[in-house]
Amino acid sequence: MAHFAELDENNVVKQVIVVHNNELLDENGVESEQKGIDFCVSLFGGTWVQTSYNATMRGKYAGIGDTYDPIADVFVAPIAE
């Protein structure tokens, strides 16, 4: 299963959903993040980025309230106050 984070206009994570791997397969049977994003947008609209439950991509698993930094291509936890 793949996980995708929905971002608000400030790149803050609003929700994280699970998408079946079959939805990520391109015409050659290769997983594509863009196919997953397109699937999420077709269902919900919005802006989506893939995240990894095992934190093997983008620094950490995205959680609600985390911020996505598109320059560094990582999710960042909110700063504790």
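Biologist: Is tyrosine 68 buried or exposed, and how do I read that?

Modeller: Happy to walk through it; keep in mind that this is a predicted model. Buried means under 20% relative accessible area. Tyrosine 68 has a relative accessible area of 10%, so this residue is buried. Phenylalanine 75 also counts as buried, because its relative accessibility is 4%.

Biologist: What are the angle and the distance between the rings of tyrosine 68 and phenylalanine 75?

Modeller: For aromatic pairs, look at the ring centres and then at the planes. The count here comes to three aromatic pairs. One of them joins tyrosine 53 and tyrosine 61 in an edge-to-face arrangement, with 5.2 Å centre to centre and 80° between the planes. The centres of tyrosine 68 and phenylalanine 75 are 5.2 Å apart with the planes at 50°, so that pair is tilted.

Biologist: And are tyrosine 53 and tyrosine 61 exposed or buried?

Modeller: Tyrosine 53 is exposed, with a relative accessible area of 59%. Tyrosine 61 counts as partly exposed at 28% relative accessibility.

Biologist: Let's turn to the sheet. In what order do the strands run?

Modeller: The general idea comes first: strands of a sheet pair through backbone hydrogen bonds, either parallel or antiparallel. In this model three strands form an open sheet in the order β2-β1-β3, with antiparallel pairing. The edge strands, β2 and β3, each pair on one side only. From one strand to the next, the twist averages 30°.

Biologist: How many bridges join β1 and β2, and how many join β1 and β3?

Modeller: β1 and β2 pair over six bridges, while β1 (residues 2-7) and β3 pair over five. To place yourself on screen, find alanine 5, whose bridge partner in β2 is valine 16. Then find phenylalanine 4, whose partner in β3 is glutamine 50.

Biologist: Why is an edge strand such as β3 described as largely enclosed?

Modeller: Strand β3 covers residues 47-51, and four of its five residues are buried, so the rest of the structure largely encloses this strand. Helix α1 lies across β1, β2 and β3, and runs at about 135° to β3.

Biologist: Which residues make up the largest nonpolar core?

Modeller: The background is simple: in soluble globular proteins, nonpolar side chains tend to be buried together. Here the largest core has eight residues: Ala2, Phe4, Ile17, Val19, Leu24, Ile37, Cys40 and Trp48. β1, β2 (13-19) and α1 (33-44) each supply at least two residues of this core. There is also a second, separate core of seven residues, and Val13, Val49, Tyr68 and Phe75 are among them.

Biologist: What does tryptophan 48 touch?

Modeller: Not counting residues up to four places away in sequence, tryptophan 48 touches Phe4, Ala5, Glu6, Gln15, Ile17, Ile37, Cys40 and Val41.

Biologist: How should I read histidine 3?

Modeller: Start with its location, then its accessibility, then its contacts. Histidine 3 sits in strand β1. At 13% relative accessibility, histidine 3 counts as buried. Leaving aside neighbours within four places in sequence, its contacts include Val16, Ile17, Gln50, Tyr53 and Tyr61.

Biologist: Now the charges. How many salt bridges does the count come to?

Modeller: The count comes to four. One of them joins glutamate 6 and lysine 14, at 3.7 Å from N to O. Glutamate 6 counts as buried at 8% relative accessibility, whereas lysine 14 is partly exposed at 45%. Another joins aspartate 66 and lysine 60, at 2.5 Å from N to O. Aspartate 66 counts as buried at 4% relative accessibility, and lysine 60 counts as partly exposed at 26%.

Biologist: Which parts does the pair of glutamate 33 and arginine 58 tie together?

Modeller: Their side chains meet in a salt bridge at 2.9 Å, N to O. Glutamate 33 lies in helix α1 and arginine 58 in the loop between β3 and β4 (67-69), so the pair ties together parts that are 25 residues apart in sequence. Arginine 58 is buried, with a relative accessible area of 12%, and glutamate 33 is partly exposed at 25%. Glu33, Arg58 and Asp73 are linked in a network of salt bridges.

Methods: Residues are numbered from 1 along each chain as its sequence is written. This is a predicted model: local features need pLDDT of at least 70, side-chain atom pairs count only at pLDDT 80 or more; totals for chains, interfaces and linings use all residues. Side-chain values use heavy atoms; hydrogens and water are left out. Buried means under 20% relative accessible area, exposed over 50%, partly exposed in between (1.4 Å probe, protein chains only). Two strands pair if DSSP finds at least two bridges between them. A nonpolar core is a set of buried Ala, Val, Leu, Ile, Met, Phe, Trp, Tyr and Cys residues joined through side-chain atoms within 4.5 Å. Contact means heavy atoms within 4.5 Å. Axes are lines fitted to C-alpha atoms, for helices over the stretch in contact, and angles run from 0 to 180 degrees between N-to-C directions. Rings of Phe, Tyr and Trp (its six-membered ring) pair if their centres lie within 6.5 Å; planes under 30 degrees apart count as stacked, over 60 as edge-to-face and the rest as tilted.
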